[in-house]
Each structure stands twice: as structure tokens, then as C-alpha cells.
Amino acid sequence: DKADKDDKKDEYTTAATTGTTTSTTTTTTTTTSTTTTSTTTNLCDPDLQLLDFSRAAVLVKNLSGTFGGMLRYGSVAVVDGVTVDLIVSGIGAYEAFNTTKNGIYGDFGVLNVLETTQGRLAFTF
């Protein structure tokens, strides 16, 4: 009798725990495309009139009468959302009447040069 009860108990347990489980998995894939457009602005284009010294500042002022040195105007233009500096550097002999006059005067960048002399300067942005 006890063996019959144990067999029935095992049948009941087995019946209760036996079943079918169904699982569904859903996968969603999202694809994003990005298009990048580059534009190049020629800062030396005479039609642009981009330079604005009214909001610029002199950042470096050591352009001397000998080779080297620089005069750096900060924030002389904004091109495609980027602030641009102008760097004037000596690439040859340069003589100034008074180098303390180099800088900004009102809305203009000033580069003082001794009359009847010449010099070689590079202007880069």
C-alpha cells in the first residue's frame, strides 16, 4: 500500500512538472545614416570681406625689425562657425618706424613700416 502511494505521488509530481514552454524573442534593428558635407572657404577671396578688426584683439606682439617674430590678431573672422586668427610673421628683413604702433587702431589692423624701406611678411590664417 505504501509503495502504491509512493508510485501515485511520483506520477502526480511528474504530471505536474511536465509541460511545454514556448518562448518568443523579437529583435528590432535600427539603422541610422549620417551625411557629412564639408565646405572650404578661401579666406583670401577678395569678394568675401571677412576680416573684422573691430572685435579682434592683439594676442602676440613681437614682430621685430630683424628676421622672425609675429603679430597675432585674435578673432579677426568667423568662418563656418569657427573663429579665425591672423598671424603676420617676418620672413625677411622688416624695418618699422615704431613697432609699438603695430596692432589695432579702431576697425583696422596696423602694421608700421619705415618709409622708403621694404620687408617680407607672411600673412596666415
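## Buried side chains

Buried here means under 20% relative accessible area. With that in mind, let's look around this predicted model, starting with two asparagines. N112 has 16% relative accessibility, so it counts as buried. N102, at 3% relative accessibility, is buried too.

## Around N112

N112 sits in the loop between β5 (108–110) and β6 (121–124). Its side chain makes polar contacts with backbone: the nitrogen of F97 is 2.8 Å away, and the backbone nitrogen of N98 also lies 2.8 Å from a polar atom of the N112 side chain.

If you leave out residues up to four places away in sequence, N112 touches Y94, E95, A96, F97, N98, K101 and N102.

## N102 joins in

N102 belongs to the loop between β3 (82–90) and β4 (103–105). Here N112 takes part through its backbone: a polar atom of the N102 side chain lies 2.6 Å from the backbone nitrogen of N112.

Beyond its neighbours within four places in sequence, N102 is in contact with several residues, among them K61, L63, L71 and Y94. V110, L111 and N112 are also in contact with N102.

## An aromatic pair

The model has 1 aromatic pair. F53 and Y73 meet edge-to-face, with 5.0 Å centre to centre and 85 degrees between the planes. The pair links distant parts of the chain, 20 residues apart: F53 is in the loop between α1 (2–17) and β1 (57–61), while Y73 is in strand β2 (residues 70–79). To return to the opening definition, F53 and Y73 are both buried.

How values were computed
Residues are numbered from 1 along each chain as its sequence is written. This is a predicted model: local features need pLDDT of at least 70, side-chain atom pairs count only at pLDDT 80 or more; totals for chains, interfaces and linings use all residues. Side-chain values use heavy atoms; hydrogens and water are left out. Helices (H or I, at least four residues) and strands (E, at least two) are DSSP runs, numbered from the N terminus. Buried means under 20% relative accessible area, exposed over 50%, partly exposed in between (1.4 Å probe, protein chains only). A polar contact is a pair of N or O atoms within 3.5 Å; within protein, one must be able to donate a hydrogen and the other to accept it, and residues adjacent in sequence count only if both atoms are side-chain atoms. Contact means heavy atoms within 4.5 Å. Rings of Phe, Tyr and Trp (its six-membered ring) pair if their centres lie within 6.5 Å; planes under 30 degrees apart count as stacked, over 60 as edge-to-face and the rest as tilted.
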